[in-house]
Amino acid sequence: MKKAYDAESAVRLVPFLEAAHREIRDRADQVRRLENRIRLLSETESALSPAHASLATHRREIREAKRELRRLGCEVEELGPFQVLIPGADGRLENGFAWTAGDSNVRPVEADTAA
């Protein structure tokens, strides 16, 4: 089932989008730190095991946050600044809205932005 949003309902998504972005950003930062830590650690199993487990957890939670956005009909644009595309009233992304991290509102999707 396609999800569809008018301008008002798209704006109501902004607090959720902000929270999802924060979680994805924070977990991505943790992933980078853990990957660096693992590279620096010796190959001893006891030292690597907790770091690998934590890394797997953060990666899983990032996938889950993105999956939740897709359940809402949205798509995450990951090239460039973090941006979420929200389907318009007809259920199509190209006729919808875009939210970029740091924005307090949504804007109409520009033709070259939509996937």
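Select H21 to begin: at 14% relative accessibility, H21 counts as buried (buried means under 20% relative accessible area, exposed over 50% and partly exposed in between, with a 1.4 Å probe and protein chains only). The model on the screen is predicted: local features need pLDDT of at least 70 and side-chain atom pairs count only at pLDDT 80 or more, while totals for chains, interfaces and linings use all residues. Residues are numbered from 1 along each chain as its sequence is written, and side-chain values use heavy atoms, with hydrogens and water left out.

**Stop 1: around H21**

H21 belongs to helix α2, residues 14–40. Helices (H or I, at least four residues) and strands (E, at least two) are DSSP runs, numbered from the N terminus. Now show what touches H21. Apart from its neighbours within four places in sequence, H21 is in contact with F82, W99 and A101, where contact means heavy atoms within 4.5 Å.

**Stop 2: the whole chain**

Zoom out and colour by secondary structure. The protein has three helices and four strands, and from the N terminus on the order is α-α-α-β-β-β-β. There are 115 residues in the protein, and 36% of them count as buried. Among contacts with a separation of 6 or more, 48% are between residues 24 or more positions apart. Switch on the surface: the accessible surface comes to about 7,100 Å², and carbon and sulfur atoms account for 51% of it. Such areas come from the Shrake-Rupley method with a 1.4 Å probe; for residues, only the protein chains shown count as cover.

**Stop 3: F82 and W99**

Go back to two of the contacts of H21, F82 and W99. How many aromatic pairs does a search of the whole structure find? It finds one. F82 and W99 form this pair, which is edge-to-face, with 6.5 Å centre to centre and 80 degrees between the planes. Rings of Phe, Tyr and Trp (its six-membered ring) pair if their centres lie within 6.5 Å; planes under 30 degrees apart count as stacked, over 60 as edge-to-face and the rest as tilted. F82 is in the loop between β1 (75–77) and β2 (83–86), and W99 is in strand β3 (residues 97–100), so the pair ties together parts that are 17 residues apart in sequence. F82 counts as buried, at 14% relative accessibility; W99 also counts as buried, at 1%.

**Stop 4: the sheet**

Select the four strands. They form an open sheet in the order β1-β2-β3-β4, with antiparallel pairing. β1 and β4 (107–108) stand at the edges with a single partner strand each, so one side of each has no neighbour in the sheet. Strands of a sheet pair through backbone hydrogen bonds, either parallel or antiparallel. Here, two strands pair if DSSP finds at least two bridges between them.

Start with β1 and β2, which pair over three bridges in the antiparallel sense. V76 has V84 in β2 as its bridge partner, and E75 has L85. The hairpin of these strands has five residues between them, and G80 takes a positive phi near 80 degrees.

Move on to β3, which is joined to β2 by four bridges and runs antiparallel to it. L85 stands opposite A98 in β3.

Which residues of β2 are buried on each side? Q83 and L85 are buried on one side and V84 and I86 on the other, so both faces of β2 are covered. Bring helix α2 back into view: α2 lies across β2 and β3, at about 45 degrees to β3. Axes are lines fitted to C-alpha atoms, for helices over the stretch in contact, and angles run from 0 to 180 degrees between N-to-C directions.

**Stop 5: charged side chains**

The structure holds 11 salt bridges; a salt bridge is a side-chain nitrogen of Lys or Arg within 4 Å of a carboxyl oxygen of Asp or Glu.

- Select R12 and E8: they form a salt bridge whose closest N and O atoms are 3.0 Å apart. Both lie in helix α1 (residues 7–12), four residues apart, which means a separation of about one helical turn. Both R12 and E8 are exposed.
- Select E23 and R27: their side chains meet in a salt bridge, 3.1 Å from N to O. Both are in helix α2, four residues or about one turn apart. E23 counts as partly exposed, at 31% relative accessibility.
- Select E61 and R60: this salt bridge is 3.6 Å, N to O. E61 is partly exposed at 23%, and R60 is partly exposed at 42%.
- Finish with E64, R67, E68 and R71, which a network of salt bridges links.
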